[in-house]
Amino acid sequence: MPKNSNSQEVRAQSVKKRGSLRLHRAGHDPRAAALTVLSRVLDGRADSQAALDEALHSSLLTPTDKRLCTELVYGVLRRYIALEDFANGFLSKPDKLPAEMRLALLQALYEMACLRIPHHASVGWTVTHIRNRFGQGLSRVANGALRSMQRSLDEFGNPRRVLRDADAAEDALARFFAVPAWIVALWLRHYGLEGTHALLEAAQGPAPSGLRLNRARSDWEQAKAALVALYQLAQIKESVHQRTTGTEISDGEARTQHNAFEPGETTGIEKNELGAVLLKPPATSKEKLFLAGACGLAFPGPLPWQTRDLLQEGKASRQSAASYEVLEAFEPASWRLPIWDCCAGRGGKTLALLEQGIAVCLASDPSEHRLNALSEEYARLKLTAPPCPEVLPLTAEESAARLAEQSRTFGTILIDVPCSGLGTLSRRPEIRFRRTPGDLDKLADTQKRILALAWERLEPGGSIIYLTCTLNPAENEGQVAAFLEQSENAELLREFRTDFSSPLREFFYGAQIRKRP
């Protein structure tokens, strides 16, 4: 009995030690840190951006290691379906393996297939990690599987393999682009094959880093010109470097270009058309600087270090360029006052309006924490007029009820409604796993209620600015069309949808609905 007790104590101490070692390594090792973040995201406990920011902020990683950690987190999430589909072919009982081990194998496969990292480094680290965590037996399983994957990498991302094994067009596209088949089917039904391909290709790569210059500062145009000139200089240097040294492409790109499409080897699903879509070379527009509206910029990769002072001094803010672009499309300077930002979040759009001198009198959101960020940002940007809006920590429905009691009405109501977020798969790749078809119906019902309640608070002659960040007609055009049909005094003034060829890799929808006097 004492012997068993001692054995249990030794095992418990060993487990505790391994857990402490894991946390220690996550603070110094980019691969361990990435695994920790991926585990939290895939367990549904955290959003990718928040979890990654927290991990990087609390780590002792070098800047280079932080970039690798970021690449691993977002890369694995974006290609998770394709990685898992390929890796399962080399594992006899993948569902019986520990979740962390499976994830480590997928991370190693991503490194070997998509990054310029020596394969022996990826395999060696992963096998050692699995041995430390789960013992010698499972480390042998990992080593054998990874070596087999390494020998078969030409098949990863090979459209011939995907087409040969697929049951339908949406299945082939889903497996190739790592997006759930139900999303692919939705897009094929509404946007066709070419449109769906453009959206899937955009979802595979990272969204650019967005920056909004503070128009309340007198020197914002000079700052914009300096950033554009800085980027152009960097492009010239890169062009000279490529001409003198040659351009190297990644192993994954080389394999995609090498694999020729042969219609005879596919199933009967749109052989030539679908095969051509899968083999279409990736877009290069992500490598360009993009200007959105008057003061929005989108940089490929991280923001230049020169933007650090602008952010610290309140001369700029981080904001998705696609998000800023949809707001500018509705010409805020023409909006009637007073303005209510109905689903404000952290207040990014409200602040963009205030920087232009457009007064927002009320901002509401169910999260008091996010609303607190609005006042903090107002202070950081050194805004003095218009004043910081009144905040209401309530849902849109609760806010509308409170405002009805007060008989308050508005000239413009901005509604960035809760939506499925299918237009932001590049920036928030975990949406692939979080959303279900049933969610879309529930969200559409919520949007319908919010529209109806906001309409009651709108003055005659005023407008609702309805915005989403999704690609689902039932939440976008269909939602607006149904509202117009049911409202006699409603008219559609304009609509906007991010072009499918946009280099911003995010897609927004918006509509301006006017209440006739």
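Start by selecting Cys-114: this residue is buried, because its relative accessible area is 18% and the cut-off for buried is under 20%. Keep in mind as you go that this is a predicted model. Now jump to Cys-388, which counts as partly exposed because its relative accessible area is 30%. With cysteines on screen, you may wonder how many disulfides there are. The count comes to zero. As a reminder, a disulfide is a covalent bond between the sulfur atoms of two cysteines.

**Stop 1: two crossing helices**

Select residues 30-42, which form helix 2, together with residues 119-134, which form helix 7. Two packed helices are described by the angle between their axes and the distance between the axes. Here the angle is about 65° and the axes lie 11 Å apart. Turn the view until one helix lies over the other: helix 2 passes helix 7 in a right-handed crossing.

Next, show the side chains where they touch. From helix 2, pick Arg-31, Ala-32 and Leu-35; from helix 7, pick Ala-121, Ser-122, Trp-125 and His-129. Colour them by type and you should find four nonpolar, two polar and one charged residue in this contact.

**Stop 2: a covered helix**

Move on to helix 10, residues 169-177. Is this helix mostly covered or mostly open? Mostly covered: seven of its nine residues are buried. Among them are Ala-172, Leu-173, Arg-175 and Phe-176. Step just past the end of helix 10 to Ala-178, where phi is positive, at about 60°.

**Stop 3: an open sheet and its helices**

Now look for an open sheet of four strands, arranged in the order 2-3-1-4 with antiparallel pairing. Select strand 2 (290-292) and strand 4 (316-318) to see the edges: each has a single partner strand, so one side of each has no neighbour in the sheet. On average, neighbouring strands of this sheet are turned by 25° against each other, ignoring direction.

Zoom in on strand 1 (residues 209-213) and strand 3 (residues 296-299), an antiparallel pair joined over four bridges. A handy landmark is Ser-209, which stands opposite Phe-299 in strand 3.

Add helix 16, residues 321-328, which packs on this sheet and touches strand 1, strand 2 and strand 3. The direction of helix 16 makes about 40° with that of strand 2. Then bring in helix 17 (residues 348-355), which lies across strand 1 and strand 4 and runs at about 35° to strand 1.

**Stop 4: an enclosed strand**

Select strand 9, residues 458-468. Why is strand 9 described as largely enclosed by the rest of the structure? Ten of its eleven residues are buried, so the rest of the structure largely encloses strand 9.

Show the partners of strand 9 as well. Strand 8 (residues 410-416) pairs with strand 9 in the parallel sense over six bridges, and Leu-414 has Ile-465 in strand 9 as its bridge partner. Strand 11 (residues 509-515) pairs with strand 9 in the antiparallel sense, over six bridges. Here Leu-467 has Gly-510 in strand 11 as its bridge partner.

**Last stop: Ala-490**

Finish at Ala-490, in strand 10 (residues 490-497). Ala-490 counts as buried because its relative accessibility is 8%. Display what surrounds this residue: beyond its close sequence neighbours, Ala-490 touches Trp-455, Phe-483, Leu-484, Ile-513, Arg-514 and Arg-516. Try the distance tool on Ala-490 and Trp-455: they are 35 residues apart in sequence and 9.4 Å apart in space, C-alpha to C-alpha.

How values were computed: Residues numbered from 1 in each chain as written. Predicted model: local features only at pLDDT ≥ 70, side-chain atom pairs only at ≥ 80, totals over all residues. Heavy atoms only, no water. Axes fitted to C-alpha atoms, helices over the stretch in contact; angles between N-to-C directions. Left-handed = near helix turned anticlockwise from the far one by under 90°. Contact = heavy atoms within 4.5 Å. Nonpolar A, V, L, I, M, F, W, Y, C, P; charged D, E, K, R; others polar. Pairing = 2+ DSSP bridges. Buried < 20%, exposed > 50% of the residue type's maximum accessible area, 1.4 Å probe, protein only. Disulfide = S-S within 2.5 Å. Lists of a residue's contacts leave out its neighbours within four places in sequence.
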